Structures are given as structure tokens and as C-alpha cells.
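Work through the exercises below with the sequence and the 3D view open. Each task is followed by a stepwise solution.

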Amino acid sequence: MASCLLVGCQRTKPQAPSHHTEQDSAKVAMLLITQRLAEEADKELTQYASQANDEYTLDDSGFWYKYKRRTDGNYWQKGEKALIHTQTFSLDGELLLDSKEQIEIGRGDVIPTIEDMLLMMRKNEASELLVPWYLAFGASGNENIAPYTNVRINIETHTTD
């Protein structure tokens with residue numbers, strides 16, 4: 001019986017209050033760094049857009065765009081197949097990617113920013129985007145684009161008919 005009392009009366013280890021959460025200081029630091037980098041990207045693109053001779057429009061999601069060629073055609077819809085020609089440049093004009101491909105809009109064949117722009121475009125139109133790194137190729141980049149690179153993307157669309 002004495003052993004039962006000793007085991008049953010042992011003090012439990014202190015626990016953090018349920019309304020407190022432990023935060024990983026490294027995660028918090030990385031989040032702050034990422035926020036600062038995103039703010040710098042936004043400033044750089046705002047400055048680039050304001051210095052351009054053409055007027056860009058800022059989309060609610062954070063990229064800038066302008067139409068280079070307008071048509072009277074129908075707007076692209078999710079599920080439609082489109083031939084697109086995209087050229088991705090650094091902000092100093094270096095060509096980083098040049099791609100011609102057939103995609104299905106809404107399937108995720110291209111980065112989400114391009115998908116968003118396609119849904120704002122009519123068939124056979126052309127546009128230019130200024131895209132911050134976090135809406136383009138991110139912190140990873142790809143084989144042709146360095147991480148944290150803001151880009152300018154030219155898009156031309158064509159019907160597959």
C-alpha cells in the first residue's frame with residue numbers, strides 16, 4: 001500500500017498553460033526575413049512600374065500587368081486549351097526562359113500568376129507582367145532562375161483551333 005501511495009502521490013511535471021504556445025525562434029526569424037524580402041520585392045516592382053513609360057495595373061494578388069495587344073475575342077475560361085508563348089526576363093532585361101506550350105487553363109501547368117492573368121485575358125491577346133519572386137519562382141527558383149528573383153513575363157495567347 002505504501003508503494004501505491006508513493007507512486008500515486010508523485011508530483012506531475014509542470015505543463016505550459018493551454019493558452020500559451022511555444023514558438024520556434026528559428027521559424028519566427030525566417031518568417032520575419034521572408035516578410036522583409038517580400039516588402040523589398042514589392043518596392044522594387046512599384047519603382048520599376050512607376051518608371052516605365054507604359055502604365056501598369058497592380059492586381060489584388062500583388063503582381064503588375066499591362067496589355068500589349070487587345071482583341072475583341074472571348075475571355076479564356078478554366079478547362080480550355082490554349083497555346084501560350086511566355087518569355088521570362090530579369091528586371092534588367094536578361095532573357096531567362098522562353099517557352100511555347102499548349103496548356104489547359106486551371107490545371108496548374110504554369111505558375112499561378114500566369115493562370116490568373118490568362119483568366120483576365122481574351123483569346124489571342126498579349127500582356128506583360130511584373131511578378132515578385134514570391135508569386136513567381138519563389139525561394140527555390142528553378143534551373144534558369146535564381147531564388148528570390150523578381151521577373152518580367154511576356155505572355156501571348158493563341159487558340160488551339
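A polar contact is a pair of N or O atoms within 3.5 Å; within protein, one must be able to donate a hydrogen and the other to accept it. The model is predicted.

**Exercise 1. Find the polar contacts of the Glu80 side chain, then place Glu80 in the structure.**

Solution.
- Step 1. Start with side chain to side chain. The side chain of Glu80 makes a polar contact with that of Lys123, at 2.7 Å. The distance falls within the 3.5 Å limit.
- Step 2. Turn to the backbone. A polar atom of the Glu80 side chain lies 2.7 Å from the backbone nitrogen of Gln77.
- Step 3. Locate the residue. Glu80 sits in the loop between E2 and E3.
- Step 4. Classify Glu80. Its relative accessible area is 23%, so Glu80 is partly exposed.
- Step 5. List the contacts, leaving out residues up to four places away in sequence. Glu80 touches Tyr75, Ile103, Glu104, Ile105 and Lys123.
- Step 6. Check the backbone separation to one of these. The C-alpha atoms of Glu80 and Glu104 are separated by 5.6 Å, with their positions 24 residues apart along the chain.

**Exercise 2. Work out how strands E3, E4, E5 and E6 pair.**

Solution.
- Step 1. Take E3 with E4. They pair in the antiparallel sense over nine bridges. Lys81 stands opposite Glu104 in E4.
- Step 2. Inspect the connection. E3 and E4 form a hairpin with four residues between them. In the turn, Gly93 has a positive phi of about 100 degrees.
- Step 3. Take E3 with E6. This pairing is antiparallel over nine bridges. Ser90 stands opposite Val151 in E6.
- Step 4. Take E5 with E6. Six bridges join them, in the antiparallel sense. Ser127 has Ile155 in E6 as its bridge partner.
- Step 5. Put the pairings in order. E3 pairs with E4 and with E6, and E6 pairs with E5.

**Exercise 3. Which residues touch the most other members of the largest nonpolar core, and which elements supply at least two residues each?**

Solution.
- Step 1. Count the core. It has 22 residues.
- Step 2. Pick out those with the most contacts to other members. They are Ile114, Leu118, Leu129, Ile153 and Ile155.
- Step 3. Assign the core to elements. Strands E3 (81-90), E4 (95-104), E5 (126-131) and E6 (151-159) each supply at least two residues, as does helix H3 (112-118).
- Step 4. Follow Ile114. Beyond its neighbours within four places in sequence, Ile114 is in contact with Thr86, Leu129, Ile153 and Ile155.
- Step 5. Look for another core. One of six residues lies apart from the largest; Ala49, Tyr56, Trp64 and Leu91 are among them.

**Exercise 4. Compare the span of helix H2 with the expected one, and find what its buried residues pack against.**

Solution.
- Step 1. Set the length. H2 covers residues 25-51, which is 27 residues.
- Step 2. Compare spans. From first C-alpha to last, H2 reaches 39 Å, close to the expected 39 Å at 1.5 Å a residue.
- Step 3. Name the buried residues. In H2 these are Ala38, Ala41, Leu45 and Ala49.
- Step 4. Find their partners. The buried residues of H2 pack against strand E2 (64-69) and E5.

**Exercise 5. Why do the ring pairs of Trp133 count as edge-to-face, and what do they connect?**

Solution.
- Step 1. Recall the cut-off. Planes over 60 degrees apart count as edge-to-face.
- Step 2. Set the total. The whole structure holds four aromatic pairs.
- Step 3. Test Trp133 with Tyr134. Their ring centres are 5.6 Å apart and their planes stand at 85 degrees, so the pair is edge-to-face.
- Step 4. Compare burial. Trp133, at 6% relative accessibility, is buried. Tyr134, at 31%, is partly exposed.
- Step 5. Test Trp133 with Tyr148. The centres are 4.7 Å apart and the planes make 65 degrees, again edge-to-face.
- Step 6. Read the sequence positions. Both residues lie in the loop between E5 and E6, so the pair ties together parts 15 residues apart in sequence.
- Step 7. Look at another group of rings. Ring pairs link Phe63, Tyr65 and Tyr67 into a cluster.

**Exercise 6. Where do Asn124 and Tyr148 lie, and what sign does phi have in each?**

Solution.
- Step 1. Start from the background. Most residues other than glycine have a negative phi.
- Step 2. Take Asn124. Its phi is positive, about 70 degrees. Asn124 is in the loop between H3 and E5 and is partly exposed at 30% relative accessibility.
- Step 3. Take Tyr148. Its phi is positive, near 60 degrees. Tyr148 is in the loop between E5 and E6 and is partly exposed at 38% relative accessibility.

Conventions
Residues numbered from 1 in each chain as written. Predicted model: local features only at pLDDT ≥ 70, side-chain atom pairs only at ≥ 80, totals over all residues. Heavy atoms only, no water. Core = buried A, V, L, I, M, F, W, Y, C linked by side-chain atoms within 4.5 Å. Buried < 20%, exposed > 50% of the residue type's maximum accessible area, 1.4 Å probe, protein only. Contact = heavy atoms within 4.5 Å. Expected span 1.5 Å × (residues − 1). Pairing = 2+ DSSP bridges. Phe/Tyr/Trp six-rings, centres within 6.5 Å; stacked < 30°, edge-to-face > 60°.
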